[in-house]
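Thanks, everyone. Please bring up the sequence and the model side by side. I'll keep this short.

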Amino acid sequence: NKVTNENGAQDIKVKMIVTLNGSEAEFEMEVDNRTDFPIAEAWFPVFGGLKGIRDRLKTELIHADGAGGMPYKGIFKTFPATMPWTNINPTVFMNYPEIMPMPWLDIHNGDEGFYIGSHTELQVTTFLFQLLPLSTPDLNWPSEDLLPKGMPSGLLMSVIRHPFQRRGIWKSGTTVCMLHKGDWHAGARRYREWVDTWMEIPDAPEWFKECDAWQNLIFMANNG
């Protein structure tokens, strides 16, 4: 009924709702903030101990990227050497709509996969990954002999919303998680299936279809 931290108990109530629907699970959060403190982050759902699908080294992370690349595709092979947000553990994160043009990702091995998508219109969303409990000096995956006996390791993944709301009830919208056969295309189809329920793409006028256009490609900036 209350959120407690080092500053004491705050009058903030949190309700988490999980709905099972076949091979999918829908996650929703409702926060009743009765304080004057703005809530900056709401982490839900959170998955821990991710070590790939069956074989970690054959697992890929597919995500939409505004620049057309996928910098974290090999995150289950080599964890990127980045540590933002002053975290103790190596961390990477992707923001929608800043970096990701679409808020979904897919973890797959070519034959099976796990889809996570924000099925909420136009809400700032962060996908975060942390390598726990420790890493090598180059922030890579630790070998078994580096871990204390019996200590598990893996990725912590969370979908983070950003309410920035004082006093009142805030609702997160829906995060959909789905197990599927096949590669990342199954996840892409699932996201498109949801988008088609609400997005209307206007038909371009004829003058636009016939007009001239130009494209500028830069292979090296003027600063080298």
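I'll go through some strands, then a serine, then a cavity. Keep in mind that this is a predicted model.

Start with strand E4, residues 24–33. Is E4 mostly covered or mostly open? Mostly covered: seven of its ten residues are buried.

Now its partners. Strand E3, residues 12–21, pairs with E4 in the antiparallel sense, and ten bridges connect them. To find the register, take Lys13: its bridge partner in E4 is Asp32. E3 and E4 form a hairpin with two residues between the strands. Look at Gly22 there. Its phi is positive, near 65°.

Next, strand E13, residues 175–181. E13 pairs with E4 through four bridges, antiparallel. Here Glu26 stands opposite Val176.

Then strand E12, residues 168–171. This pairing with E4 is also antiparallel and has four bridges. In E12, Lys171 is the residue opposite Glu30. So much for the partners of E4.

Let's move to strand E9, residues 112–118. How many of its residues are buried? Seven of seven.

A general point helps here. Side chains in a regular strand alternate between the two faces of the sheet. Now look at E9 with that in mind. One side carries Glu112, Phe114, Ile116 and Ser118. The other carries Gly113, Tyr115 and Gly117. Every one of these is buried, so both faces of E9 are covered.

What does E9 pair with? Strand E8, residues 104–108, runs antiparallel to E9, and five bridges join them. Leu105 has Ile116 in E9 as its bridge partner. E8 and E9 make a hairpin too, with three residues between them. In that turn, Gly110 has a positive phi of about 100°.

E9 also pairs with E13, antiparallel, over seven bridges. One position to mark is Ser118, opposite Thr175 in E13. Note that E13 has come up before: E13 pairs with E4 as well.

Now the serine. Ser172 sits in the loop between E12 and E13. Is Ser172 buried or exposed? Its relative accessibility is 5%, and the cut-off for buried is under 20%, so Ser172 counts as buried.

What does its side chain reach? A polar atom of the Ser172 side chain lies 2.8 Å from the backbone nitrogen of Met29. Set aside neighbours within four places in sequence, and Ser172 is in contact with Glu28, Met29, Thr120, Gln123 and Arg161.

Last topic: empty space. Rolling a probe the size of a water molecule over the atoms shows where such space is left. How many cavities of 30 Å³ or more turn up in the whole structure? One. The largest cavity has a volume of about 40 Å³.

Which residues line the largest cavity? Phe27, Glu28, Met29, Ala42, Phe44, Arg161, Ser172, Gly173 and Thr175. You have met Ser172 already, in the loop between E12 and E13.

By strand, E4 and E5, the latter spanning 42–50, each supply at least two lining residues. E4 gives the largest share, with three residues. By type, the lining divides into four nonpolar, three polar and two charged residues.

To recap. E4 is mostly covered, and E4 contributes the largest share of the cavity lining. E9 is covered on both faces. Ser172 has contacts that include Met29 and Arg161, and Ser172 is among the residues lining the largest cavity.

Technical notes:
Residues are numbered from 1 along each chain as its sequence is written. This is a predicted model: local features need pLDDT of at least 70, side-chain atom pairs count only at pLDDT 80 or more; totals for chains, interfaces and linings use all residues. Side-chain values use heavy atoms; hydrogens and water are left out. Buried means under 20% relative accessible area, exposed over 50%, partly exposed in between (1.4 Å probe, protein chains only). Two strands pair if DSSP finds at least two bridges between them. A polar contact is a pair of N or O atoms within 3.5 Å; within protein, one must be able to donate a hydrogen and the other to accept it, and residues adjacent in sequence count only if both atoms are side-chain atoms. Contact means heavy atoms within 4.5 Å. On a 1 Å grid over the protein atoms alone, a cavity is a set of points where a 1.4 Å probe fits but cannot get out, and a pocket is an open set with protein on both sides within 12 Å along at least five of seven lines; lining residues have an atom within 4 Å of a point. Grid points are joined across faces, edges and corners, and a volume is the space filled by probe spheres set on the points. Ala, Val, Leu, Ile, Met, Phe, Trp, Tyr, Cys and Pro count as nonpolar, Asp, Glu, Lys and Arg as charged, and the others, Gly among them, as polar.
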